[in-house]
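Colleague: I am new to this structure and would like a close look at a single part. Please take the place where the protein meets one of the DNA strands.

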Protein chains: 2
Amino acid sequence: MGINRDTLGRKPRTRIQKKNTEAILDAALDVFSQYGFRGSTLDQIAKAAGLSKPNLLYYFPSKVAIHRALIDELMQNWLDPLRKMQADGEPVEEILAYVLRKLEMAREFPRESRLFANEIVQGAPNIMDKIEGELKTLVEEKAAVINGWIASGALAPVDPYHLIFSIWSTTQHYADFDVQVRGILKPEGDAHFKDAEAYLDTLFRRMLTPQAG
Amino acid sequence: MGINRDTLGRKPRTRIQKKNTEAILDAALDVFSQYGFRGSTLDQIAKAAGLSKPNLLYYFPSKVAIHRALIDELMQNWLDPLRKMQADGEPVEEILAYVLRKLEMAREFPRESRLFANEIVQGAPNIMDKIEGELKTLVEEKAAVINGWIASGALAPVDPYHLIFSIWSTTQHYADFDVQVRGILKPEGDAHFKDAEAYLDTLFRRMLTPQAG
DNA sequence: TCAAGGTTTGACCATTTGGTCAAGGGAACC
DNA sequence: GGTTCCCTTGACCAAATGGTCAAACCTTGA
């Protein structure tokens with residue numbers, strides 16, 4: 001009999017549970033982010049986690065349960081950088097700080113970015129509700145903030161939605177399309193992220209800085 | 001016995017072959033672009049093409065063969081917009097025209113874009129050679145053109161590689177992350193592409209137009 | 001130390017999957 | 001009309017896959 005999921009919830013009861021659930025989620029992140037949900041197998045995940053398949057299924061009741069656990073965890077953190085964009089800051093700097101936070105996340109958490117990308121590209125079968133729910137709400141909220149900044153003259157006029165899309169796409173590109181970027185630039189490690197940072201800073205600064213006069 | 005692939009090559013011999021290979025490739029584009037290679041099945045493709053599985057395998061020897069045929073066809077057309085960016089044009093307008101061509105492709109050929117995205121996100125197992133080959137060569141060539149434009153003063157100084165990456169990511173975003181975009185904007189059909197066009201035109205125009213003085 | 005409960009696994013199962021094959025059904029050219 | 005080659009399919013196969021289960025193995029706390 002598997003673990004009582006009702007009582008497990010977020011907090012593993014024992015040391016072993018903690019270690020193994022973490023190992024499983026880490027391994028699953030590796031596998032799912034590389035092959036997508038349907039392209040990943042329990043055997044792959046079990047092997048990557050150093051467990052037997054039945055043992056893996058002792059901790060999670062099914063393949064989808066593992067995936068859901070990952071996605072839930074991811075959605076918690078993924079929107080944090082956007083949430084931190086505050087209306088009371090200096091507009092251009094607030095947005096640029098957001099851009100850099102997103103780029104930093106693409107560098108530090110490329111697997112999470114690719115897990116998300118895989119899910120969206122394939123039609124977001126498991127997170128459509130979250131997209132139309134908390135994500136949409138948050139974006140609308142921040143779009144209003146941006147429109148407020150524009151009205152105050154502190155920001156050049158710009159469609160806030162497409163601005164946000166362009167921030168997402170340009171930053172996540174360095175995680176999601178990593179192999180392409182590396183295939184073209186042939187960088188040493190993460191060296192190209194410095195250039196990307198400078199480029200994106202310029203790109204969005206020029207876009208957003210209001211023109212005098 | 002299946003079709004003689006040596007003689008088939010690009011040109012189907014008969015009417016029926018033409019019709020069926022086209023139906024298969026179209027169906028396969030649907031399926032592969034949605035589920036990725038490993039997540040797609042021959043049954044799905046056969047059903048979508050209106051053929052039985054053995055019949056499908058009469059035209060293509062294996063699953064990978066179908067995928068390879070698609071990818072090969074795709075790579076032919078995918079780089080055309082970039083190739084069309086000519087050194088003898090007006091720099092800012094040349095690049096902006098490229099941006100709009102890419103956006104147009106994202107709207108007209110989202111399946112192709114997603115097929116490509118799926119392939120790259122999952123590590124580009126089948127096209128790494130093309131990335132490090134013709135793609136890299138073409139990008140380097142165009143980066144040189146852009147650097148020439150910058151040297152002539154007709155273009156603001158900018159890292160040409162990251163410029164190209166940002167053009168790819170912002171435009172393809174509307175195909176690859178289509179469900180997310182639609183989940184947030186809730187547009188009527190393709191109405192949001194007009195706004196995207198205006199936004200990207202502004203974004204890159206501001207980035208690229210050299211500052212007087 | 002011993003019981004109770006937590007952990008691990010080999011064997012197993014039904015289904016799905018990529019792929020084969022032989023035989024039958026058509027189109028087309030003579 | 002008949003022959004030749006093209007096309008189609010039902011039946012089949014081996015391997016892979018998600019998942020189950022009972023039995024055995026550990027930990028831990030009294």
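**The surface near DNA strand D**

Modeller: A polar backbone atom of Leu42(A) lies 2.8 Å from a phosphate oxygen of DNA strand D; a polar contact here is a pair of N or O atoms within 3.5 Å, and within protein one must be able to donate a hydrogen and the other to accept it, while residues adjacent in sequence count only if both atoms are side-chain atoms. This is a predicted model, in which local features need pLDDT of at least 70 and side-chain atom pairs count only at pLDDT 80 or more, while totals for chains, interfaces and linings use all residues. Residues are numbered from 1 along each chain as its sequence is written, chains are lettered from A and ligands numbered from 1 in the order in which they are written, and side-chain values use heavy atoms, with hydrogens and water left out.

From chain B, Asn20(B) places a polar side-chain atom 3.0 Å from a phosphate oxygen of the strand. A base is also reached: an N or O atom in the side chain of Lys53(A) is 2.9 Å from a base nitrogen of DNA strand D.

The elements giving two or more residues to this surface are α4 (53-59) of chain A and, from chain B, α2 (15-39) and α4 (53-59); helices are DSSP runs of H or I, at least four residues, numbered from the N terminus. α4(B) gives the most, with 4 residues.

In total, 17 residues surround DNA strand D, and Leu42(A), Lys63(A), Thr14(B), Gln17(B) and Tyr59(B) are the closest. Of the strand atoms that come within 4 Å of the protein, 60% belong to sugar and phosphate.

How values were computed
Near = heavy atom within 4 Å.
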